[in-house]
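Visitor: I am new to this structure and would like to know how the words used for it are justified.
Guide: Then let us look at it together and take the terms in turn.

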Amino acid sequence: RVDKRMTFYYKNDQDVNAKILSRTKKIYIYKGLIPFIDNDDELAAIIAHEIAHGLDLHEGLARRTAMKLRPIKYEQKADQVAVDLIVNAGYNPLALIIVLNKTTGEPCFASSRSNGTKRLAKIYEYIYKKYPAYLVYNDYKKNIYYQNFLLTTQSERAKIRQKYQAEKLMSVSNKTTKRK
């Protein structure tokens with residue numbers, strides 16, 4: 001779906017940031033973000049998030065305008081597309097939660113346009129729904145940033161579990177009703 005090449009650049013700037021330029025589709029990873037990256041999964045998460053924005057930007061001027069007018073919606077969409085890209089590339093999608101948790105509160109891509117805890121909870125919900133095996137077989141269980149996420153989103157995660165348990169019950173109930 002990419003009609004124009006996306007190129008990656010390292011910017012020797014201390015900003016804790018990664019971004020894509022809408023006109024040129026150049027993706028910049030800033031030097032200040034590098035200390036927050038501990039492994040390939042986390043680098044893949046950052047790159048996938050920016051590629052997701054790039055895919056939206058390829059939709060044209062109307063989409064770029066919509067992205068500026070409704071940044072939270074498109075930030076959440078980029079998070080979900082990034083999770084799919086991460087999984088399809090063979091990386092762990094929980095890395096997106098980890099790297100965003102590390103950088104939340106910094107003036108950077110991680111906290112811009114969306115509340116950090118709610119944003120992380122939405123990513124978790126998407127992983128819970130589409131890729132639950134990553135939550136069961138979790139390489140990050142002992143990671144301090146993952147533990148911090150688990151502590152700060154306990155109520156949000158409980159709502160997610162209740163929502164999907166209710167959907168499963170409704171699904172089973174509907175199947176039973178159809179059989180009768």
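**Asking for the reasons**

Guide: Leaving aside neighbours within four places in sequence, Asp41 is in contact with Tyr91, Asn92, Ala95 and Tyr140, and Asp41 has its place in helix H1, which covers residues 40-57; please keep in mind that this is a predicted model.

Visitor: How do you know that Asp41 has no salt bridge?
Guide: A salt bridge needs a side-chain nitrogen of Lys or Arg within 4 Å of a carboxyl oxygen, whereas the nearest side chain of opposite charge, Lys102, is 11 Å away from the buried Asp41.

Visitor: Why is Lys25 called buried?
Guide: The relative accessibility of Lys25 is 5%, and buried means under 20%, so Lys25 counts as buried. Lys25 is found in the loop between strand E2 (18-20) and strand E3 (26-30), and its phi is near 60°, a positive value in a residue other than glycine.

Visitor: What makes E1 and E2 edge strands?
Guide: In the open sheet of 3 strands, the order is E1-E3-E2, with mixed pairing, and the edge strands E1 (7-11) and E2 each pair on one side only. E1 pairs with E3 in the parallel sense over 5 bridges, and Ile29 in E3 is the bridge partner of Tyr10. Helix H1 packs on this sheet, where it touches E1, E2 and E3.

Visitor: What is the average pLDDT of the protein, and where is the pLDDT below 50?
Guide: The average is 84, with 85% of the residues scoring at least 70, but over residues 106-113 the pLDDT is below 50. Where pLDDT is low, the predicted coordinates should not be read in detail.

Terms used
Residues are numbered from 1 along each chain as its sequence is written. This is a predicted model: local features need pLDDT of at least 70, side-chain atom pairs count only at pLDDT 80 or more; totals for chains, interfaces and linings use all residues. Side-chain values use heavy atoms; hydrogens and water are left out. Helices (H or I, at least four residues) and strands (E, at least two) are DSSP runs, numbered from the N terminus. Buried means under 20% relative accessible area, exposed over 50%, partly exposed in between (1.4 Å probe, protein chains only). Lys and Arg count as positive and Asp and Glu as negative; His and the chain ends are not counted. Contact means heavy atoms within 4.5 Å. pLDDT is the predictor's confidence in each residue, from 0 to 100. Two strands pair if DSSP finds at least two bridges between them. Axes are lines fitted to C-alpha atoms, for helices over the stretch in contact, and angles run from 0 to 180 degrees between N-to-C directions.
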